Structure formats: structure tokens, C-alpha cells
Amino acid sequence: MPIVIITGGSRGIGAATALACARRGMGVLITFNANQDAAETVVKTICQQGGQAAAVKLDVADSASFPAFRDEVARRLEAVWNTDRFDALVNNAGFGQFNPIVSVTEDDFDALYRVHLKGPFFLTQTLLPLMADGGHVVNISSATTRVATSGVAPYAAFKGGLEVLTRYMAKEFGDRRIRANSIAPGAIRTDLGGGLNDEFETLLAGQTALGRIGEPDDVGAMIANLLGEDSRWINAQTIEVSGGYMI
Ligand SMILES: NC(=O)c1ccc[n+]([C@@H]2O[C@H](COP(=O)([O-])OP(=O)(O)OC[C@H]3O[C@@H](n4cnc5c(N)ncnc54)[C@H](OP(=O)(O)O)[C@@H]3O)[C@@H](O)[C@H]2O)c1
């Protein structure tokens with residue numbers, strides 16, 4: 001059974017990705033930060049549907065905790081799946097913050113940097129020894145790297161950095177046949193940045209060719225497909241999953 005680790009799997013896109021991967025027969029290890037109960041609900045749902053899943057706490061902003069997290073991952077791989085390897089890492093955990101550049105503080109900037117760029121970099125580095133050859137890293141970016149619309153400059157800049165990092169991962173991990181790709185969602189109905197009100201949703205739906213905002217499973221199902229064997233030749237790409245946002 002291929003095993004995928006999904007950061008921020010307690011809610012939103014990460015939870016939908018976990019469920020979609022489990023439906024396709026993958027074992028799923030999700031992480032949570034503040035919402036253990038939500039993560040346990042995702043695990044329970046997967047297990048009730050006949051799948052295998054586990055949840056481990058991880059603060060992606062705290063890179064000093066990554067070696068201990070890797071050791072806990074190794075313990076769970078052994079206990080739940082009787083293996084010492086996993087197959088895919090989805091760097092999904094994130095948060096949103098809406099502020100024009102003139103009012104962004106250094107603390108805001110550093111917090112976004114730690115979660116959206118530094119965290120994925122060092123978490124991938126830390127977990128790489130446990131990843132099977134032929135594995136896959138998926139980094140969750142954002143359509144905000146392509147269109148400057150909503151007052152999320154540092155967030156979008158770090159997501160842009162993550163897309164560049166993805167190409168370097170693909171290049172440097174290729175000798176182990178490990179793929180790396182970025183997924184750039186458009187507007188998706190989650191709690192990110194405090195969620196959407198009706199007015200904002202109407203605006204975003206109007207900017208989307210398919211006339212609605214996305215649901216978490218619109219992205220989760222796509223990521224699960226990307227992890228599958230039929231997508232084996234897709235590498236070093238950023239793929240927008242947005243229903244056609246601002247085209
Ligand atoms: N929603 C959108 O429109 C959209 C668009 C483009 C890109 N994205 C990206 O998609 C990813 C998922 O976002 P979402 O919309 O699904 O958001 P969400 O519903 O708010 O879920 C965020 C997830 O990230 C986890 N998380 C937050 N901060 C963390 C930290 N410091 N350490 C570890 N985990 C942390 C949360 O864990 P807890 O629940 O345990 O706190 C939760 O599982 C993010 O990278 C986001 O930037 C979202």
C-alpha cells in the first residue's frame with residue numbers, strides 16, 4: 001500500500017486530499033497543529049471506510065521539532081503499516097492573512113515565511129531519508145502567485161518561492177526517481193484567512209470561468225490522481241487547479 005504524508009490534514013484541502021487518497025487505496029498519515037479532534041475525525045472516517053490512517057502533531061513553523069517528528073513518523077510507519085518507508089509528501093499546511101504591503105509587520109512576514117517556505121524546505125529535507133525511491137513531493141502553492149488581487153503579498157511571494165523550490169527538488173531528487181510538483185489552487189471554500197463571506201464568494205466566483213469557487217475535494221481528488229501511477233511522467237510542474245481563475 002503506498003503511503004502519503006499530508007501536512008495540515010485536519011481541515012480543508014488537506015483533509016479532502018487525505019480522504020481522496022484513502023479512497024484510492026493509499027495509507028494516509030496526516031498532521032494537525034491546533035485541531036487534534038478534527039484530525040482524529042478524518043482518521044476515523046478513513047478507517048470506517050476500510051482504509052488505514054494515522055494523525056501526528058506537527059507545527060510547520062517550528063523547524064527545530066522536525067527531527068522528533070521524523071522519529072514519530074518512523075514509529076507510526078512501523079506500527080500501522082509495518083514498513084520503514086513512505087511514498088509521498090504533500091506540503092499543504094498553511095494559513096492566510098489579508099494585509100496590504102504598507103501594513104504588513106515583520107512578525108507577520110516571518111510567520112508566513114516559516115510556514116509557507118522554510119517549513120516545506122526543511123520538512124522535506126528531514127523526511128527525505130524515509131521516502132522511498134520513486135516517491136513524490138507535492139507542494140501546495142496558490143493561484144495568487146500569478147495574479148495580484150487580494151492583499152496577500154508576502155503569502156504569494158513565499159508561494160512563488162515554493163514553486164521555484166519545487167523545480168529544484170525535482171532536479172536534485174531525480175536521481176532517486178522522486179518527482180516534485182506544485183499545485184496552485186484558486187479560491188477554495190475553506191477556513192483559510194477566516195473563510196469567505198457571501199460578497200467575497202460572489203466576487204471570486206465571477207472571476208472564475210466555471211462560475212463558482214472550488215470545493216476542497218476539487219483539489220484533493222486532483223492531488224490523489226497526481227500521486228497515482230497514471231501521472232508518473234508529470235514532474236517539476238506547477239499545475240493550477242482553479243476552474244479557470246482570472247483568465
Ligand atoms: N483555500 C484556498 O482558497 C486556497 C487557495 C490557494 C492555496 N491554498 C493553500 O492550501 C493549503 C491548505 O489551506 P486550506 O485552505 O485547506 O486551509 P484551512 O482549511 O485553514 O486548513 C489549514 C490546515 O493547515 C494546518 N496548519 C495551519 N498552520 C499550521 C502550522 N503552523 N503547522 C502545521 N499545520 C498548520 C491546519 O491545522 P490545524 O487545523 O490543526 O490548525 C489545517 O489542517 C495552504 O497551504 C493554503 O495556503 C488555499
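A pocket is an open set of grid points with protein on both sides within 12 Å along at least five of seven lines, and its lining residues have an atom within 4 Å of a point. The exercises below use a predicted model.

**Exercise 1. Describe the second largest pocket: its volume, its centre and its lining.**

Step 1. Start with the volume, which is about 580 Å³ for the second largest pocket.

Step 2. Find the centre. The pocket is lined by 26 residues, and those closest to its centre are Gly 134, Arg 179, Leu 227, Gly 228 and Glu 229.

Step 3. Assign the lining to elements. At least two residues each come from β1, β4, β5 and α7. With five residues, β5 gives the most.

Step 4. Sort the lining by class: ten residues are nonpolar, eight are polar and eight are charged.

**Exercise 2. Do the same for the largest pocket.**

Step 1. The volume of the largest pocket is about 1100 Å³.

Step 2. Its lining has 49 residues, and Gly 94, Phe 95, Gly 96, Thr 190 and Leu 192 are the ones nearest the centre.

Step 3. The elements that each supply at least two lining residues are α1, β2, α4, α5 and α6 (198-206).

Step 4. By class, the lining of the largest pocket splits into 23 nonpolar, 22 polar and four charged residues.

**Exercise 3. Leu 227 is among the residues closest to the centre of the second largest pocket. Work out its place in the largest nonpolar core.**

Step 1. Look at the core membership. The largest nonpolar core has 30 residues, and Leu 227 is one of the five that touch the most other members, together with Val 4, Val 28, Ile 30 and Ile 223.

Step 2. List the elements behind the core. Two or more residues come from each of β1 (3-6), α1 (12-23), β2 (27-32), α2 (36-48), β3 (53-57), β4 (86-91), β5 (131-140) and α7 (216-227). The largest share, six residues, belongs to α1.

Step 3. List the contacts of Leu 227. Leaving out residues up to four places away in sequence, Leu 227 touches Val 4, Cys 21, Met 26, Ala 88, Val 90, His 136, Val 138 and Arg 179.

Step 4. Separate this core from the other one. A second core, of 28 residues, includes Val 56, Val 73, Leu 77 and Leu 123.

**Exercise 4. How is β3 placed relative to β2 and to the rest of the structure?**

Step 1. Check the pairing. β2 and β3 run parallel and are joined by five bridges.

Step 2. Pick out one pair of facing residues: Leu 29 stands opposite Ala 54 in β3.

Step 3. Check burial, for which the cut-off is under 20% relative accessible area. Four of the five residues of β3 are buried, so β3 is largely enclosed by the rest of the structure.

**Exercise 5. Compile the two largest cavities and the elements that line them.**

Step 1. Count the cavities: the structure has two of 30 Å³ or more.

Step 2. Take the largest cavity, which holds about 60 Å³ of space. Its lining consists of Thr 7, Val 60, Asn 91, Asn 92, Ala 93, Val 115, His 116, Pro 120, Ile 140, Lys 159 and Leu 162. The elements that give two or more of these residues are α4 (106-127) and α5 (153-173), and α4 gives the most, with three. The lining has six nonpolar, four polar and one charged residues.

Step 3. Take the second largest cavity, with about 40 Å³ of space. Among its lining residues are Gln 97, Asn 99, Asp 108, Leu 112 and Tyr 155. Here too, α4 and α5 are the elements that give two or more residues, but α5 gives the most, with three. Six of the lining residues are nonpolar, three polar and one charged.

**Exercise 6. Is Ala 209 buried or exposed, and what does it touch?**

Step 1. Locate the residue: Ala 209 lies in the loop between α6 and α7.

Step 2. Apply the cut-off. Exposed means over 50% relative accessible area. Ala 209 is at 53% relative accessibility and therefore counts as exposed.

Step 3. List its contacts. Not counting residues up to four places away in sequence, Ala 209 touches Gly 243, Gly 244 and Ile 247.

Step 4. Relate Ala 209 to Phe 95, one of the residues nearest the centre of the largest pocket. The two residues are 114 residues apart along the chain, and their C-alpha atoms are separated by 26 Å.

Key: Residues are numbered from 1 along each chain as its sequence is written. This is a predicted model: local features need pLDDT of at least 70, side-chain atom pairs count only at pLDDT 80 or more; totals for chains, interfaces and linings use all residues. Side-chain values use heavy atoms; hydrogens and water are left out. On a 1 Å grid over the protein atoms alone, a cavity is a set of points where a 1.4 Å probe fits but cannot get out, and a pocket is an open set with protein on both sides within 12 Å along at least five of seven lines; lining residues have an atom within 4 Å of a point. Grid points are joined across faces, edges and corners, and a volume is the space filled by probe spheres set on the points. Ala, Val, Leu, Ile, Met, Phe, Trp, Tyr, Cys and Pro count as nonpolar, Asp, Glu, Lys and Arg as charged, and the others, Gly among them, as polar. A nonpolar core is a set of buried Ala, Val, Leu, Ile, Met, Phe, Trp, Tyr and Cys residues joined through side-chain atoms within 4.5 Å. Buried means under 20% relative accessible area, exposed over 50%, partly exposed in between (1.4 Å probe, protein chains only). Contact means heavy atoms within 4.5 Å. Two strands pair if DSSP finds at least two bridges between them.
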